[in-house]
Amino acid sequence: MKLLFLPATLLLSFSACTSTERETASNQTPETLPPNLLAEVSTTETVGETGRNHGYIRRLYQQKGQYYVTVDYIQFLSGEAAVAAARRRGDAAVDVKANGDTTYSVFNDYYIVNEQPRLRTLRLSPAATITLWRSAETGLEQYPATPAQLQEKDPQALELSPFIIETRRGQAISLSQQYVP
């Protein structure tokens with residue numbers, strides 16, 4: 001009879017030690033975010049003629065009156081998917097409680113994976129929309145920009161900010177800066 005309870009006890013003990021709950025910071029002041037802001041998660045790179053993918057803009061340039069954008073596609077993960085990916089790569093923060101419970105987390109609840117740092121150059125559609133984030137008196141707000149205004153941005157700051165790139169028939173039709181806390 002004791003042998004039947006031993007596996008169950010071991011299983012319960014093991015599951016208590018491998019909890020994957022995310023921790024939350026209780027001492028931080030909540031940031032005021034627009035109500036329509038939701039993190040969009042890209043779980044796989046689907047590059048083709050038409051798509052919606054996260055990526056870094058590595059270069060935006062003009063040639064013969066036409067704008068081109070060079071993109072490095074990434075995975076932008078949040079929530080449990082971010083924690084799981086960070087754990088697989090050894091990047092998750094680990095907190096072990098006195099009772100043995102383990103909590104894994106990622107900073108600001110997002111994690112970026114760039115498994116294939118390959119550059120792709122796309123023609124920017126003349127009708128393309130560009131949307132960026134900025135701090136305003138009322139909090140964060142999105143604002144439209146032109147390709148020339150985007151070119152004027154600091155290239156190093158631009159390369160560190162992920163964008164949502166929409167393509168149609170092989171052209172970039174939308175570049176939207178992904179909000180990153």
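Two strands pair if DSSP finds at least two bridges between them. The exercises below apply this to a predicted model.

**Exercise 1. Describe how β6 and β7 are arranged, and place Arg120 and Thr146 relative to them.**

Step 1. Start with the bridges: 7 of them join β6 to β7, and the two strands run antiparallel. The pairing criterion is at least two bridges, so β6 and β7 count as paired, with 7.

Step 2. Look at the connection. β6 and β7 form a hairpin, with 2 residues between them. Opposite Ile130 stands Ala145 of β7.

Step 3. Place Arg120. This residue belongs to strand β6, which covers residues 119-136. Its relative accessibility is 9%, and the cut-off for buried is under 20%, so Arg120 counts as buried. A polar atom of the Arg120 side chain lies 2.8 Å from the backbone oxygen of Arg118.

Step 4. Place Thr146. It sits in the loop between β7 (139-145) and α3 (147-152). With a relative accessible area of 37%, Thr146 is partly exposed. Thr129 is 17 residues away along the chain, and the C-alpha atoms of Thr146 and Thr129 are separated by 7.7 Å.

**Exercise 2. Find the strand partners of β8 and state how covered this strand is.**

Step 1. Strand β8 spans residues 162-168, and 5 of its 7 residues are buried, which makes the strand mostly covered.

Step 2. One partner is β1, which pairs with β8 in the antiparallel sense over 6 bridges. Within this pairing, Tyr56 has Pro162 of β8 as its bridge partner.

Step 3. Another partner is β9 (residues 171-177), joined to β8 by 6 bridges and also antiparallel. Here Arg168 is bridged to Gln171 in β9.

Step 4. Check the turn. The hairpin of β8 and β9 has 2 residues between the strands, and Arg169 in this hairpin takes a positive phi near 50°.

**Exercise 3. For Lys64 and Asp109, give the phi value, the location and the exposure.**

Step 1. Lys64 is not a glycine, yet its phi is positive, about 55°. Its place is the loop between β1 (51-63) and β2 (66-78). The relative accessibility of Lys64 is 84%; the cut-off for exposed is over 50%, so Lys64 counts as exposed.

Step 2. Asp109, likewise a residue other than glycine, has a positive phi near 60°. Asp109 lies in the loop between β4 (102-105) and β5 (110-113). At 30% relative accessibility, Asp109 counts as partly exposed.

**Exercise 4. Describe the surroundings of Glu115.**

Step 1. Glu115 is in the loop between β5 and β6. Its relative accessibility is 58%, and Glu115 therefore counts as exposed.

Step 2. The side chain of Glu115 makes a polar contact with that of Arg89, at 3.4 Å.

Step 3. Tyr73 is 42 residues from Glu115 in sequence; from C-alpha to C-alpha the two are 9.1 Å apart.

**Exercise 5. How many aromatic pairs does the structure hold? Describe two of them, and then the charges that sit over rings.**

Step 1. The structure holds 3 aromatic pairs. One of them is formed by Tyr61 and Tyr68: the centres are 5.5 Å apart, the angle between the planes is 20°, and the pair is stacked. The angle meets the cut-off for stacked, which is under 30 degrees.

Step 2. Compare the exposure of the two rings' residues. Tyr61 is buried, with a relative accessible area of 17%, whereas Tyr68, at 24%, counts as partly exposed.

Step 3. Trp133 and Tyr179 form another pair, edge-to-face, with 5.6 Å between the centres and 65° between the planes. This pair links distant parts of the chain: Trp133 is in strand β6 and Tyr179 in the segment after β9, 46 residues apart. Trp133 and Tyr179 are both buried.

Step 4. Turn to the charges. The charged end of Arg59 sits over the ring of Tyr61, 3.9 Å from the ring centre. The charged end of Arg134 sits over the ring of Tyr143, 4.2 Å from that ring's centre.

Terms used: Residues numbered from 1 in each chain as written. Predicted model: local features only at pLDDT ≥ 70, side-chain atom pairs only at ≥ 80, totals over all residues. Heavy atoms only, no water. Helix = DSSP H or I, 4+ residues; strand = E, 2+ residues; numbered from the N terminus. Buried < 20%, exposed > 50% of the residue type's maximum accessible area, 1.4 Å probe, protein only. Polar contact = N/O pair within 3.5 Å; in protein donor to acceptor, adjacent residues only side chain to side chain. Phe/Tyr/Trp six-rings, centres within 6.5 Å; stacked < 30°, edge-to-face > 60°. Lys NZ or Arg CZ within 6 Å of the ring centre and 35° of its normal.
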